[in-house]
Amino acid sequence: MLRLLRWLRGYVRFTVSGKYPERFINITLRNQLRIWDAVRREDSLSACMYMRDYLHIRRYARGSGVKLRVCERRGLPTLLQRYSDRVGLVIGAAAFGMTVFIMSLFIWTIEITGTESISESEMRAMLAENGIYVGAFKPAVDYQSVSRAIMLDDTRVGWMAVNVTGSYASVEIKEQTPSPEMDDVYSPCNVKARRDGRILRIDAEEGKTLLKEGSGVVGGQLVVSGVMEDMLGGVRLVHAKASVIAETDYHADFSIPREIVTYVPTGEIKKRYSAELFGLKIPLTLGGVSTVDVLSDEREEAAVPLSVQLPAGIVSRTLYALEREEVSLNDNSAKELLIREAQLYEVFSRADCTVTKRDYRFSQTGDGYELTAGFTCKEDVAYQEKIYMDDN
Amino acid sequence: MSKNDSQKKHRLHELPPMGGTPCIEFSGNREVVIEGSKGVLEYSTGCIRVNTAGMIVTLSGRGLNLRCISDSALIIDGFITDVAFTV
């Protein structure tokens, strides 16, 4: 600290040569001038003194018969004096200071922690909607109201806080823990079939089974009743619960025209780079591919030193040239495409049941091809329906 | 000034007035703080003589340095081998 203060005030290291340098020291000290780091050499004495004090000691040196020689000047005043003629340097330093100050008024890095089911990009979009994004003006953002607004908007967010340190915003999130669904096991209900089918198996835990395995069932038909009768003819209502495994049928139609348009890669690939700095994209390379139709793949590599994402990075964009091509399909290729479509339908639309049999019927229409797909599935068709009672 | 020095200074302020006699505090034989000095009479790397009220303190040794000097106090460091008081 003392060194810093000395440096700020500026000091000189000087040598005192003569017969009695001690006398000079005493006279100087008597005049309330500070000396430090006094080192004795063979024929001289070296010491330090504040620059302002040094201006007054010439007469004391003359009085004590010693000669003074400045070895070096140090400190801030020396530095300022050295660069006072270089206006550009001063302007540059001022501009640098101003830039740092202005830049510190914006948010340049956002880090989100604590997300589990909410994706980071989703949270970034929500924050951006409420005014927190890379490049946001800090004084214009009310962090507490942003937290409150997001917590009200999205029920998945149980608690959140936005802490801003300098230009770095840290968003901490605790997601809402959903309360577990309570099974209603007491209210009386029936078990019915969701859709038409042939019953393969009924596993009834509670209730009176009305249908037998192997019999057919239509959608909405009562399978297990919640109304139980005892030996004496009395009626008791129960919460019927059962799984009804049935064989069901599904049909789906797929069609494709004879002439289809496809985009085929020509093999021409072009890579374009751009630097992203504080939300601005600066292109580093120019040029594109020769075709109109292009497939673009963009990747962003942000600078993340010590796990802190900086508002700088390189964006690489790969352009693949595509050529529009009209293809006329033959029977085999049309069938292949339609079966692929049927398989996708099976995977995505019939994910809740097990397909045991597939039946594809391929036919030609006036302007294309058609595939009628039949799926035989095994699934649980049971659903519970509450028994409403009138107290009167 | 190091933390040690400032602690010493602080303790010197707590000392009771001794009627103009100097306060001399040694840290082993490596450092000495003299409060109440009236001037340096001789200064070389082997010997430092300090005038105080009523006596002269002579410190002999090797590599003696006046690390910090003010009008009434000074800190000397080095390897002190001998101390003498001339009354």
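Start by selecting strand E8 (residues 189–193) and strand E12 (residues 222–225), both in chain A of this predicted model. These strands pair in the antiparallel sense, and two bridges join them. To see how they line up, show the side chain of Lys192(A): it stands opposite Leu222(A) in E12(A).

Keep E12(A) on screen and add strand E10 (residues 208–209) of chain A. Here again the strands run antiparallel, joined by two bridges. Which residue of E12(A) stands opposite Lys208(A)? Click on Ser225(A), which is the one facing Lys208(A).

**A five-stranded sheet**

Next, colour the strands E11, E9, E15, E21 and E20 of chain A. In that order they form an open sheet of five strands, with antiparallel pairing. Which strands are at the edges? Strand E11 (216–217) and strand E20 (354–364) of chain A hold those places, each pairing on one side only.

Zoom in on the E11(A) edge. Strand E9 (residues 197–206) of chain A pairs with E11(A) over two bridges, in the antiparallel sense. Select Gly197(A) and you can find its bridge partner, Val217(A), in E11(A).

Now bring in helix H9 (residues 331–349) of chain A, which packs on this sheet. H9(A) touches strand E15 (241–257), E20 and strand E21 (368–380) of chain A. Turn the view until you can follow both H9(A) and E15(A): their directions make an angle of about 150 degrees. While you are looking at strands, a general hint may help: in a regular strand the side chains alternate between the two faces of the sheet.

**The start of chain A**

Travel back to helix H1 (residues 2–9) of chain A. Is this helix largely buried or in the open? None of its eight residues is buried, so H1(A) lies largely in the open. Just after H1(A) comes Gly10(A), with a positive phi near 85 degrees.

**Where the two chains meet**

Show both chains together and select the contact between them. Chain A contributes 15 residues, and chain B contributes 15 residues. On the chain A side, helix H2 (21–30) and strand E2 (35–40) each supply at least two residues. The largest share of that side, six residues, comes from E2(A). Colour the chain A side by residue class and you will find eight nonpolar, two polar and five charged residues.

Stay with E2(A) and add strand E5 (residues 55–69) of chain B. The two strands pair across the chains in the antiparallel sense, over three bridges. For a close-up, pick Ala38(A), which stands opposite Leu66(B) in E5(B).

**A walk along chain B**

Hide chain A and view chain B on its own. How many helices and strands does chain B have? There are one helix and six strands, and along the sequence they follow the pattern α-β-β-β-β-β-β. Chain B has 87 residues, of which 25% are buried. Of its contacts with a separation of 6 or more, 34% are between residues 24 or more positions apart.

**How far to trust the view**

Finally, colour chain B by pLDDT. The mean for this chain is 82, and 78% of its residues reach 70 or more. Select strand E2 (residues 31–35) of chain B to see where confidence is highest, at 93. Then move to helix H1 (residues 3–14) of chain B, where confidence is lowest, at a mean of 54. Where pLDDT is low, the predicted coordinates should not be read in detail. For the model as a whole, the scores are ipTM 0.72 and pTM 0.45.

Methods: Residues numbered from 1 in each chain as written. Chains lettered and ligands numbered in written order. Predicted model: local features only at pLDDT ≥ 70, side-chain atom pairs only at ≥ 80, totals over all residues. Buried ≥ 20, exposed ≤ 12 C-beta atoms within 10 Å, placed from the backbone. Helix = DSSP H or I, 4+ residues; strand = E, 2+ residues; numbered from the N terminus. Contact = placed C-beta atoms within 7 Å. Nonpolar A, V, L, I, M, F, W, Y, C, P; charged D, E, K, R; others polar. Pairing = 2+ DSSP bridges. Axes fitted to C-alpha atoms, helices over the stretch in contact; angles between N-to-C directions. pLDDT = per-residue confidence, 0-100.
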